[in-house]
Amino acid sequence: MNVNKLAFQKKYGPWAIVTGASDGIGRAMAIEIANLGLNLIIVARNHERLEALGNEIQKEYKVTVKAIAIDLSIINSVKNLNSQIEEYEIGLFAAIAGFGTSGYFFKANINDELNMIDVNCRSVVEQTYYFANKFISQKRGGIILMGSLVGFQGVPFASNYSATKSFIQNFAEGIYFELKPFGVDVLCSAPGPVLSGFGARAKMKMGNSSSPEEVAKETILALGEKLTVRPGFLSKFLGWSLIILPRLLRILIMRMIMNNMIQLNSK
Ligand SMILES: NC(=O)c1ccc[n+]([C@@H]2O[C@H](COP(=O)([O-])OP(=O)(O)OC[C@H]3O[C@@H](n4cnc5c(N)ncnc54)[C@H](OP(=O)(O)O)[C@@H]3O)[C@@H](O)[C@H]2O)c1
């Protein structure tokens with residue numbers, strides 16, 4: 001199945017903003033959206049990587065790209081970002097920036113754990129508030145949030161990370177129904193392991209992984225069609241097989257899976 005380019009541009013164009021576009025899923029998402037003909041604002045901390053991607057996309061897809069380097073964990077960063085994008089007619093917001101940690105929560109660096117809540121949750125809520133209001137007044141738009149397979153139950157050795165993704169899953173489910181009557185689509189993308197920069201930062205071994213391109217394609221296809229999409233085989237397989245089990249059993253199975261994914265020295 002393919003996305004209808006003209007319909008996509010009419011509903012979500014002429015500009016899209018993608019956070020976390022310097023690597024992995026966000027990068028693939030930016031390319032996928034450019035391929036559908038939308039201009040892009042790409043956001044992450046690494047300015048060089050954003051500039052390189054912007055040049056690559058402008059050459060290949062004949063759209064305009066603006067790169068904004070910003071650390072979304074910093075209080076006021078979203079206000080700062082919003083002040084730089086006010087003049088653009090944005091119809092699509094993809095909040096892909098995020099990271100994970102692994103190991104025993106009680107041994108973790110608490111500043112890293114709080115930083116993760118700031119990036120994965122606080123900044124997403126603040127940006128979504130801005131775009132929800134903007135899109136309601138435009139009577140159209142799309143919001144893509146990044147959940148995860150780990151967001152459907154507690155996950156030992158990724159306790160705080162999985163909690164940030166549960167937060168996003170619940171948040172998306174709520175605003176989906178609040179925004180639908182105003183013509184605004186909300187989608188939560190909840191993949192399993194994806195081969196990206198994520199594994200190195202989270203100190204996890206990513207087996208049976210999907211590619212960022214596969215996740216981006218499935219996510220864009222599901223926008224406006226579903227509330228939650230589970231891109232990749234493992235996310236679908238585990239999703240459907242775990243959903244019938246009692247929550248406690250699901251947590252124990254996720255503990256087994258995580259135990260195999262985390263590096264021994266990070267436990
Ligand atoms: N990989 C997986 O297995 C997996 C599975 C399910 C869900 N997810 C979710 O998918 C999203 C993307 O992850 P990924 O796999 O693509 O990881 P990735 O390759 O590490 O990319 C993460 C992106 O987020 C940006 N980012 C991180 N911290 C930031 C900050 N403080 N401010 C601004 N940008 C920041 C990074 O850019 P800079 O470093 O340049 O700032 C990068 O562009 C995350 O929300 C993650 O939780 C990943």
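**View 1. Side chains of strand 5 in the predicted model.** Gly141, Ile143 and Leu145 point one way from strand 5, while Gly142, Ile144 and Met146 point the other way. All of these residues are buried. In a regular strand, side chains alternate between the two faces of the sheet. Because 6 of the 6 residues of strand 5 are buried, the strand is largely enclosed by the rest of the structure.

**View 2. Pairing of strand 4 with strand 5.** The two strands run in the parallel sense and are joined over 4 bridges. Opposite Ile143 of strand 5 stands Phe93.

**View 3. The open sheet and its edges.** The sheet is built from 7 strands in the order 3-2-1-4-5-6-7, with parallel pairing. Strand 3 (65–69) and strand 7 (228–229) stand at the edges; each has a single partner strand, so one side of each lacks a neighbour in the sheet. Strands of a sheet pair through backbone hydrogen bonds, either parallel or antiparallel.

**View 4. Strands 2 and 3 with the helices packed on the sheet.** Strand 2 and strand 3 pair in the parallel sense over 5 bridges. Within this pairing, Ile42 has Ala67 of strand 3 as its bridge partner. Helix 2 packs on the sheet and touches strand 1 (15–19), strand 2, strand 4 (90–95) and strand 5 (141–146). The direction of helix 2 makes about 170° with that of strand 1. Helix 3 also packs on the sheet, where it touches strand 2 and strand 3. Its direction makes about 175° with that of strand 3.

**View 5. Glu51 in helix 3.** Helix 3 spans residues 47–61 and contains Glu51. Glu51 counts as partly exposed because its relative accessibility is 34%, between the cut-offs of 20% for buried and 50% for exposed. Glu51 and Cys188 are 137 residues apart in sequence, and their C-alpha atoms are 28 Å apart in space.

**View 6. The largest pocket and its lining.** The volume of the largest pocket is about 1100 Å³. Elements giving two or more residues to its lining are helix 2 (24–35), strand 2 (39–44), helix 5 (110–138), helix 6 (159–179), helix 7 (198–202), helix 9 (233–243) and helix 10 (247–261). Helix 10 gives the most, with 5 residues. In total, 49 residues line the pocket, and Gly98, Phe99, Ser196, Gly197 and Phe198 lie nearest its centre. The lining divides into 25 nonpolar, 17 polar and 7 charged residues.

How values were computed: Residues are numbered from 1 along each chain as its sequence is written. This is a predicted model: local features need pLDDT of at least 70, side-chain atom pairs count only at pLDDT 80 or more; totals for chains, interfaces and linings use all residues. Side-chain values use heavy atoms; hydrogens and water are left out. On a 1 Å grid over the protein atoms alone, a cavity is a set of points where a 1.4 Å probe fits but cannot get out, and a pocket is an open set with protein on both sides within 12 Å along at least five of seven lines; lining residues have an atom within 4 Å of a point. Grid points are joined across faces, edges and corners, and a volume is the space filled by probe spheres set on the points. Ala, Val, Leu, Ile, Met, Phe, Trp, Tyr, Cys and Pro count as nonpolar, Asp, Glu, Lys and Arg as charged, and the others, Gly among them, as polar. Buried means under 20% relative accessible area, exposed over 50%, partly exposed in between (1.4 Å probe, protein chains only). Two strands pair if DSSP finds at least two bridges between them. Contact means heavy atoms within 4.5 Å. Axes are lines fitted to C-alpha atoms, for helices over the stretch in contact, and angles run from 0 to 180 degrees between N-to-C directions.
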